[in-house]
Amino acid sequence: MPGFVRWFVRVTYEDVPMDSLSKTLGLSGFDQNSQFKAIVEGSDDAIISKDLAGTILSWNLAAERIFGYTAEEMIGAKMILLFPEGKELEESAILSQIAKGGKVDHFHTQRVHKDGSLLNVSVTASPIRSWDGLVVGVSSIARDITAQVRTEQEIARYQALIESSEDAIISKDLQGNVQTWNPAAEQMFGYSSAEMIGQPITRLFPPDRLKEEQRILEAIRRGEHIRHFRTTRLKKDGAPIYVSVSISPVYDSRRRVCGVCKIARDITKEIIHEEMIWKQANFDATTQLFNREGFSRYVDDLVRMSSLCEKRFALLLLDIDNFKIYNDTYGHDFGDKLLFHVATTLKGCLRESDELARFGGDEFIVCLSGFSSTSGIQDTAQKIIDQVGAVVEIDGTMIAMTCSIGIAVFPDDGGDLKSLLQKADHAMYGAKKKGKSQFRFFSGIAESDRPEDYSLVQALSLAIENRELELHYQPILDAHTLRVVKAEALIRWRHPELGFVPPDRFIPLAEKYGLIKQLGNWVTDQALSSLAEWVALFGQNFQLSINKSPYEFYDHDESIGSMTRALHHHGLSGRNLVIEITEHSLMDHSQVTRRILDSYQGLGIEIAIDDFGTGYSSLSYLKHYPVKLLKIDKSFVASLRDFGADYHLCDGILRIARNLGLQVVAEGIENEEQQMLLSSLGCDFYQGYLFSRPLNRSDFEAFMQRFVSEPDGDS
């Protein structure tokens, strides 16, 4: 054994004389064998000796700890026991190398732990020589490098991730100087790593973004993270690039912030796509102006700012007179060019602080902010009318347009866009009544108005939302069969505090304060919803009448478009619907009304003149308009007597109607005498309390089921 120890020491500490080694280690006074054993057993590395056949001769404590086998288990066993499958040839190669007097230095391989797990080891093998220089064994030192290999693998994996990432991954010090720069950063920004490492990251910042770096570094020093921060940077060629940046602190072994890690993603395409979608959602493609949606957001912000600053602004709602004639005559491409010309003209009439939008069709809206008096609004409105009215040549055609403008002022006429538009819309219709090339302010509440009117208007604007409105239906009978073949829909309002508010009270207010279109649309939808079921119950020829205000007859495209959509939505034919209008409607808006009524007729809808003979009667209406029905006003029926004045008036109306191929409905029949007289005159239809007062939907359906089941009669 002493001889082996001398060989071992010679191999392990070759070139160092033993006596010198003892002195160096301060071990004099100890037996040399004890000294060498202490060195071997105290090592952190496995120190193993084996003969040239691979049989283990010694096995230190570190070998027990690293491989899990005790010295008793391993001394006398073959070293091949530690080799994993596929590594067996390594042992013969090592023994062959040693037998020739060679060495194996720092050979990285794997061995098997007693529990079957694989260990990564670094092996050094040296020959053990006898006193006469012959190789008699092997000294093997094995170091467990599993943790080191795992760390190296993790580093390699992270490095591969960084190198292959499509995101720019950059590190910098706390002064903002770049320390690492991956290939994606080179691709994204155009700078090589050599150009950027050591340089300040602000090299990428546009001038207006330089302050961002100071805020970023301050946040990182506090240990904060910055996630998905959207900003702009500059490429090497000066082109801007949109990026989403996540920034994290880097810590040293003492958990102190020592640097910055930054991951930047190119979101240029995403931003451009978002901007395109936003523009499509907020701008009109034809004129490049705000559309209704975009303008609504603008005004909502302006309302908040103006409320805080107690400022006023005005909305000018502009409608091109007779635009559809140009569109239909010259085609839609021509119409689009005309609209673009109007948009350009309007821009030239406004200040930079004003805003402009196309609200659809031929309607534009202007927002004037920061005015000191209404005279400034008047001047702008007149300038618009004059400029739009100037003669212009489009595609070789000379055009001279006119427009009508309605004006509402915040906060005088309303506190939000909806109420202001209602008022401007109403004022615009008033301007159209005055003639072409006119503007009109919404008048608000005149001093002569009853003070309670405005509070009633406010309540009316919420009546639909609060479910305070309902429709009642009055039956209309065929005069020959006394069967109910029609009904008239009549709006009713039951105020929670005032109770029943009569239509002749709130309808004029709705017309005056710009709520009539909202009410009209609600009536149409509710009436058609009932009608769709009644046609199935009462027959395909059953008709329902709804009343239209003259204030609903200003926009042909909107009127016909909304009616067509409503009929399609409820699955109805136009022949089941009757539109009742007054002579006043025909007098005030002859051209627009004629086009709307003609289009209604094209949908199969019948037109009735309500309260015939009480307004500005003109027989020419019956000639020029597609009228199907005349309704004799109840004022004539109420005092109907044999051969009295009202009798002759009714007789005259009925004779004219028959000669023109029209039918007549008599309203307000309250007794059998009135019915008999009208029957003798040849009236076509009856309506009045004699048969039924207006009923809610459920009562009307019950009445119909009872009434239609009765046999025909004479009374």
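This report walks through a predicted protein model, from its overall make-up to a few selected strands, helices and residues.

## The protein as a whole

Let's begin with the big picture. The protein has 715 residues, and 48% of them count as buried. Its secondary structure comes to 27 helices and 26 strands.

Two further totals help to set the scene. The accessible surface is about 36200 Å², and carbon and sulfur atoms account for 51% of that area. If you take the contacts between residues at least 6 apart in sequence, 59% of them join residues at least 24 apart.

## Strand 16, covered on both sides

Strand 16 is a good place to look next. It spans residues 403-410, and eight of its eight residues are buried, so the strand is largely enclosed by the rest of the structure. In a regular strand the side chains alternate between the two faces of the sheet. With that in mind, look at how strand 16 is covered: C403, I405, I407 and V409 are buried on one side, while S404, G406, A408 and F410 are buried on the other.

Which strands pair with strand 16? Strand 11 (residues 313-320) pairs with strand 16 in the antiparallel sense, over eight bridges. Here D319 stands opposite S404. Strand 17 (residues 438-441) runs parallel to strand 16, and four bridges join the two. In this pairing, I407 stands opposite F441.

## Strand 10 and its partners

Strand 10 (residues 257-266) pairs with strand 6 (residues 168-172) over five bridges, in the antiparallel sense. To find this pairing in the model, look for I170, whose bridge partner in strand 10 is K262.

Strand 10 is also joined to strand 9 (residues 240-251), by nine bridges, and these two run antiparallel. One pair to look for is V250 and its bridge partner in strand 10, G259. Strands 9 and 10 form a hairpin with five residues between the strands, and in this hairpin R255 takes a positive phi near 60°.

## Helix 14 and the loop after it

Helix 14 covers residues 332-348, which makes 17 residues. From its first C-alpha to its last it reaches 24 Å, close to the 24 Å expected at 1.5 Å a residue. The buried residues of this helix are F334, G335, L338, L339, V342, A343, T345 and L346.

Now move on to C349, in the loop between helix 14 and strand 12 (355-360). Is C349 buried or exposed? Its relative accessibility is 7%, so C349 counts as buried. Leaving aside neighbours within four places in sequence, C349 is in contact with T380, K383, I384 and Q387. Take Q387 as an example: C349 and Q387 are 38 residues apart in sequence, and their C-alpha atoms are 8.0 Å apart in space.

## Two residues in other helices

E91 lies in helix 6 (residues 89-99). At 6% relative accessibility, this residue counts as buried, because the cut-off for that label is under 20%. Beyond its neighbours within four places in sequence, E91 is in contact with K50, G54, M79, I80 and F83.

For a contrasting label, turn to L660 in helix 25 (residues 645-660). Its relative accessibility is 47%, so L660 counts as partly exposed. Together with L619 and I656, L660 makes a nonpolar surface patch of about 270 Å².

Methods. Residues numbered from 1 in each chain as written. Predicted model: local features only at pLDDT ≥ 70, side-chain atom pairs only at ≥ 80, totals over all residues. Heavy atoms only, no water. Patch = residues over 30% accessible without salt bridge, like charges linked within 9 Å, V, L, I, M, F, W, Y side chains within 5 Å. Areas by Shrake-Rupley, 256 points an atom, 1.4 Å probe, with all protein chains shown as cover. Salt bridge = Lys/Arg side-chain N within 4 Å of Asp/Glu carboxyl O. Buried < 20%, exposed > 50% of the residue type's maximum accessible area, 1.4 Å probe, protein only. Contact = heavy atoms within 4.5 Å. Expected span 1.5 Å × (residues − 1). Pairing = 2+ DSSP bridges.
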